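The following exercises are to be worked with the sequence and the coordinates at hand. Each task is followed by a solution in steps.

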Amino acid sequence: RSARFAQRYRWRLALGLVLGTGLASSAFTALQQYGREQRRMVQVRNLSQSYLTDILSEVDKLPGSMKARLLIVDRARRNLDQLLPEAPKDQELRRALAGSYLQLAGIQGQPFSVSQGDTSGALESFRKAEAMAAGAGPRDWELLGILVRARTAIAQIDNRSGNSSEALALLHSALEPARRLRQDAPTDLVVDGKAAAELDIATNLALGDTMLNIADNANSAAQYRQAVVQFRCTIAVAEQVQAARPDMPDRVAACSQWLGFALEGLGRLTGDPAYWEECVAAHRRSSRGACQNFAKEPQPQTQRDCGDALGELSWAMPMAGQGPPAVEAASQSLAYIEPVSNAEPDSAEAQRDLADAYFHLGAAENTAGKFRDAIGHLRTAESRLRPQGQVPAGDPIETVKLYVEIQRELANAL
């Protein structure tokens, strides 16, 4: 019977067989194509991540590398951006892209770093990173770290531009996830090139900086004392993190610098010499740690941080009756800062750092009675600043503030 059926419908069966084979072949080809596309996407993602980690970390060490770093990060970010529409639910891709926006923002305008000084561009990139990480689950540690890092950086920029209330709100939203990252996240988790536990230090430090800015504006001893308490708490957190990770850079150093700023405010308002002595001790601790970090990991950012810490030490010393050593500290500061700034002529932050270094040297020479030298270095500091008519709205790198301080020191020297 089956033979007669096959004989009677042989053409229909043959056609069905051809169609079935064609459909199977098409399905197989489609699967092959899908597999190739998936492999290509994974390869592009992995290659982009390699550029953002291995290659970028090596380029970071080179003087004058800001433009190269920007090109590397932006190219990797664009590659990842182009992949996202093809796999909108790929969490690994979203994490990689959010992380690339963090790195891009850091080069565009991370405060107190060798960056372009493009604050508006940095804010846009930090906010994109924040938006991509906003849906992070309670144990999605990498996205949670990106969220905390982005909010802390946005708050730093807000605070530096005078928007301290917005900065406080952002930082308070980041404190709890930052604490959880330190206490509960995997110890080998890295966010934006640093151990995730360091985010708790950075968030608390940014909170103290915001409190300090509020105290500066209010000229309030009570608020300076609140900032001192916050910085001491941050130092305690940094000491805990460093005790658990002895090989990490000295983060207590940066915290000590900011403690010194708050103690300086108290010394200025109260006239109590004990505050100035504590201030100098804090800045001495900061400069020692920052310069040790540079010795262990020589690169433009650590060199800049070492020079900056020495400059702030030179500023505090005369107030504690240590005038003569201040000139030496300021000279050392300039020796560290100048090569970094000269290698990055397009970095607004680096040029501001250089103006600051010349200002500190001129101020130290003023206190030592070397008025002719002081005038020369203060004029150089003034010439390094962006013309006041070109200062962006909000003065995000505090150009006008430094200009006023230079004029005050010039008046003392003339």
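The model is predicted.

**Exercise 1. The second largest cavity**

Task: State the volume of the second largest cavity, identify the residues that line it, and divide them by class.

Solution. The volume of the second largest cavity is about 30 Å³. Its lining consists of Gly 109, Pro 111, Thr 119, Ile 157, Arg 160, Glu 349, Pro 396 and Ile 397. Sorted by class, this lining holds 4 nonpolar, 2 polar and 2 charged residues. Since proline counts as nonpolar, Pro 111 and Pro 396 belong to the nonpolar group, whereas glycine counts as polar, so Gly 109 is placed with the polar residues.

**Exercise 2. The largest cavity**

Task: Determine how many cavities of 30 Å³ or more the whole structure contains, and describe which helices supply the lining of the largest cavity.

Solution. Step one is the search: 2 cavities of 30 Å³ or more are found. Step two is the volume, which for the largest cavity is about 50 Å³. Step three is the lining, made up of Gly 307, Asp 308, Gly 311, Ser 333, Ile 337, Asp 353, Asp 356, Ala 357 and His 360. Step four assigns these residues to elements: helix H12 (300–316), helix H13 (323–343) and helix H14 (348–367) each provide at least two of them. H14 has the largest share, with 4 residues. By class, the lining of the largest cavity comprises 2 nonpolar, 4 polar and 3 charged residues.

**Exercise 3. The nonpolar core**

Task: Find which residues have the most contacts inside the largest nonpolar core, and which helix gives the most to this core.

Solution. The largest nonpolar core has 87 residues, and those with the most contacts inside it are Phe 126, Ile 146, Leu 181, Leu 212, Phe 231 and Ile 406. Helix H6 (residues 141–160) gives the most to this core, namely 11 residues. Leu 181 serves as a worked case: leaving aside residues up to four places away in sequence, Leu 181 touches Trp 141, Leu 144, Gly 145, Val 148, Leu 189, Ala 196 and Leu 199. In soluble globular proteins, nonpolar side chains tend to be buried together.

**Exercise 4. Positive phi angles in loops**

Task: Locate Asp 192 and Asn 219, and decide whether each is buried, partly exposed or exposed.

Solution. Asp 192 lies in the loop between strand E1 (190–191) and strand E2 (194–195). Although Asp 192 is not a glycine, its phi is positive, at about 55 degrees. Its relative accessibility is 26%, so Asp 192 counts as partly exposed. Asn 219 is found in the loop between helix H8 (198–218) and helix H9 (221–244). Asn 219, also not a glycine, has a positive phi of about 55 degrees. With 40% relative accessibility, Asn 219 counts as partly exposed. The reasoning rests on the cut-offs: buried means under 20%, and exposed means over 50%.

**Exercise 5. The chain as a whole**

Task: Summarise the secondary structure, the burial and the sequence separation of contacts in the chain.

Solution. The chain contains 16 helices and 2 strands. Of its 414 residues, 50% are buried. Among contacts between residues at least 6 apart in sequence, 64% join residues at least 24 apart. The accessible surface is about 19,800 Å², and carbon and sulfur atoms account for 54% of this surface.

Technical notes: Residues numbered from 1 in each chain as written. Predicted model: local features only at pLDDT ≥ 70, side-chain atom pairs only at ≥ 80, totals over all residues. Heavy atoms only, no water. Core = buried A, V, L, I, M, F, W, Y, C linked by side-chain atoms within 4.5 Å. Buried < 20%, exposed > 50% of the residue type's maximum accessible area, 1.4 Å probe, protein only. Contact = heavy atoms within 4.5 Å. 1 Å grid on protein atoms, 1.4 Å probe; cavity = no way out; pocket = protein on both sides within 12 Å on 5 of 7 lines; lining within 4 Å. Points joined across faces, edges and corners; volume = space filled by probe spheres on them. Areas by Shrake-Rupley, 256 points an atom, 1.4 Å probe, with all protein chains shown as cover.
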